[in-house]
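Reader: I should like to learn how features of a protein model are read. May we look at one structure together?

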Amino acid sequence: MRVLPFLAAGWVLLVALYGLVTSRNIIHAVGCLAVAQSSTYLMLLGVGYRRGGTAPVFSDIAPGSRPVVDPVVQALALTDVVVGATVTALLLALTIQLRKRHGTVDPQQLTGLRG
């Protein structure tokens, strides 16, 4: 089992979390959240990778003749990309509305949101 994709996913996640914690701008925080989401792509690539694997189309090869990759992991990665893009677009739209109403995207200056 290869460990490099998992180490890369962990490193990307840690960098994104550091950026998220130290962010003083909501747009920067949304970008860091998108980078954190991309670490899950690396994780899924690490789980679904198979050396010498082919596409899971069985019409041209005999069953069991060579390894195939898992199509469920590919579907999860594609779903992850779509959900990540949707969440990022929604958060950026909310940030635009926040800027229109409060005049800033700095979380420290959003006094109207304090309880």
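Author: Let us begin with V87, which is found in helix α3. Please bear in mind throughout that this model is predicted.

Reader: Is V87 buried, exposed or partly exposed?

Author: The general idea is to compare the relative accessible area with two cut-offs: under 20% is buried, over 50% is exposed, and values in between are partly exposed. V87 has a relative accessibility of 39%, so V87 counts as partly exposed.

Reader: How far apart are the C-alpha atoms of V87 and A62?

Author: These two residues are 25 residues apart along the chain, and their C-alpha atoms are separated by 42 Å.

Reader: Which residues form the nonpolar patch on the surface?

Author: A residue can join a patch only with over 30% relative accessible area. In this structure, V87 is joined by L13, L14, L17, L20, L33 and V83 in a nonpolar patch, and the accessible area of the patch is about 540 Å² together.

Reader: Which helix gives the most to the nonpolar patch?

Author: Helix α1 gives the most, with 4 residues. Both α1 and α3 supply at least two residues each. L13 serves as an example: its place is in helix α1. With a relative accessible area of 33%, L13 is partly exposed, because this value falls between the two cut-offs.

Reader: Let us turn to charged side chains. How many salt bridges does a search of the whole structure find?

Author: The general idea is to look for a side-chain nitrogen of Lys or Arg within 4 Å of a carboxyl oxygen of Asp or Glu. Here the search finds 1 salt bridge. The side chains of R24 and D106 meet in it, at 3.1 Å from N to O.

Reader: Which parts of the chain does the pair link?

Author: The pair links distant parts, 82 residues apart. R24 is in the loop between α1 (4-21) and α2 (26-48), whereas D106 is in the segment after α3 (71-102).

Reader: Why does D106 count as buried?

Author: D106 counts as buried because its relative accessibility is 11%, and the cut-off for buried is under 20%.

Reader: What lies 3.1 Å from the backbone nitrogen of D106?

Author: A polar atom of the side chain of T104 lies at that distance from the nitrogen. T104 lies in the segment after α3 and is buried, with a relative accessible area of 12%.

Reader: Which residues does T104 touch, not counting residues up to four places away in sequence?

Author: With that exclusion, T104 touches L98, R99, Q109 and L110.

Notes. Residues numbered from 1 in each chain as written. Predicted model: local features only at pLDDT ≥ 70, side-chain atom pairs only at ≥ 80, totals over all residues. Heavy atoms only, no water. Buried < 20%, exposed > 50% of the residue type's maximum accessible area, 1.4 Å probe, protein only. Patch = residues over 30% accessible without salt bridge, like charges linked within 9 Å, V, L, I, M, F, W, Y side chains within 5 Å. Areas by Shrake-Rupley, 256 points an atom, 1.4 Å probe, with all protein chains shown as cover. Polar contact = N/O pair within 3.5 Å; in protein donor to acceptor, adjacent residues only side chain to side chain. Contact = heavy atoms within 4.5 Å.
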